[in-house]
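Got your viewer open? Grab the mouse, and let's take a walk through this one together, stop by stop.

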Amino acid sequence: MAAPAARAEVEPGGWNATSPSFTVQERGCGQVDNLTFTLTCSTASGDQRAERRYATYTGGTRQFEGYFRIAAMGGTRISLKQTFNESASGPYFMLAAERGGRLYAVHGGTTLSTAGTVGATVRVNTVHQVGTSHRTYVNGSLKHTYSSPGGSFYDKFGAYRTDSGSGPATVVWSNVKFWSK
């Protein structure tokens with residue numbers, strides 16, 4: 001008999017598993033095949049994205065967990081996960097990878113980890129307490145804390161060209177989970 005799957009969420013206590021709906025977004029040279037997200041071109045301008053966009057939330061505390069593996073990266077500076085501020089019509093938090101493995105917060109440039117090398121599997125958790133704070137964990141360790149305004153937000157993940165980046169890139173996500181409280 002197999003052991004039950006471990007609950008891997010960070011900040012334990014009072015979480016309820018949720019299954020928000022999502023839509024698939026493919027723009028420019030972005031291609032989505034289930035949980036494999038590919039930018040096929042090296043274009044350094046325009047909207048190049050392959051991602052899932054999840055349902056909007058407006059309050060409470062939300063947790064995202066997912067594992068990503070950069071399978072190929074011919075370009076650089078690819079956004080992997082975003083918490084989007086729908087009220088301000090812009091990304092609020094963007095986790096991106098540079099070629100070489102540096103994971104960083106796009107706004108401010110803070111380095112979170114160097115674990116994002118091609119072929120490595122990395123766990124990412126974000127905990128967003130709307131109106132208070134947004135925390136990002138890499139492989140279970142708290143790496144970034146950011147104050148949060150109120151408003152409406154949603155989660156996105158996949159592969160997305162940052163303003164200063166370009167493809168090609170292939171990112172494979174797995175074991176994506178959501179909780180709320």
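Start with the whole chain on screen. Among contacts with a separation of 6 or more, 66% are between residues 24 or more positions apart, where contact means heavy atoms within 4.5 Å. A quick word on what you're looking at: this is a predicted model, in which local features need pLDDT of at least 70 and side-chain atom pairs count only at pLDDT 80 or more, while totals for chains, interfaces and linings use all residues. Residues are numbered from 1 along each chain as its sequence is written, and side-chain values use heavy atoms, with hydrogens and water left out.

Switch to cartoon view. You'll find 15 strands and zero helices (both are DSSP runs numbered from the N terminus: H or I over at least four residues for helices, E over at least two for strands). Turn the C-alpha trace around, and its spans along the principal axes come to about 45 × 45 × 30 Å. The radius of gyration is 15 Å, which agrees with the value near 16 Å for a compact globule of 181 residues; this radius is taken over C-alpha atoms, and the globule rule is 2.2 Å times the number of residues to the power 0.38. Of the 181 residues, 49% are buried (buried is under 20% relative accessible area, exposed is over 50%, partly exposed is in between, with a 1.4 Å probe and protein chains only).

**Stop one: Asn16**

Select Asn16, in strand β1 (residues 16-18). Asn16 is partly exposed, because its relative accessibility is 47%. Now add Lys181: it sits 165 residues away along the chain, yet the two C-alpha atoms are separated by 6.2 Å. Show Phe178, Trp179 and Ser180 too, since Asn16 touches these three, not counting residues up to four places away in sequence.

**Stop two: Arg53**

Next, pick Arg53 in strand β5 (residues 49-54). Is Arg53 buried or exposed? Its relative accessible area is 17%, so Arg53 counts as buried. Follow its side chain to that of Glu86, and you'll see a polar contact of 2.9 Å; another, of 3.5 Å, goes to the side chain of Thr56. (A polar contact is a pair of N or O atoms within 3.5 Å; within protein, one must be able to donate a hydrogen and the other to accept it, and residues adjacent in sequence count only if both atoms are side-chain atoms.) Beyond four places in sequence, the residues touching Arg53 include Ser21, Phe22, Tyr154 and Asp155.

**Stop three: Asp155**

That last one is worth a click. Asp155 belongs to strand β14 (residues 153-166), and at 6% relative accessibility it counts as buried. Which side chain does Asp155 join in a polar contact of 2.6 Å? Color Lys81 to see the partner. Leaving aside neighbours within four places, Asp155 is in contact with residues including Arg52, Arg53, Thr126 and Phe178.

**Last stop: the cavity**

Finally, select Tyr92, Phe93, Met94, Ala105, Val106, His107, His144 and Tyr146, which line the largest cavity. On a 1 Å grid over the protein atoms alone, a cavity is a set of points where a 1.4 Å probe fits but cannot get out, and lining residues have an atom within 4 Å of a point. By class, this lining has six nonpolar, two polar and no charged residues. Strands β8 (90-97) and β13 (141-147) each supply at least two lining residues, and β8 gives the largest share, three.

How values were computed
1 Å grid on protein atoms, 1.4 Å probe; cavity = no way out; pocket = protein on both sides within 12 Å on 5 of 7 lines; lining within 4 Å. Nonpolar A, V, L, I, M, F, W, Y, C, P; charged D, E, K, R; others polar.
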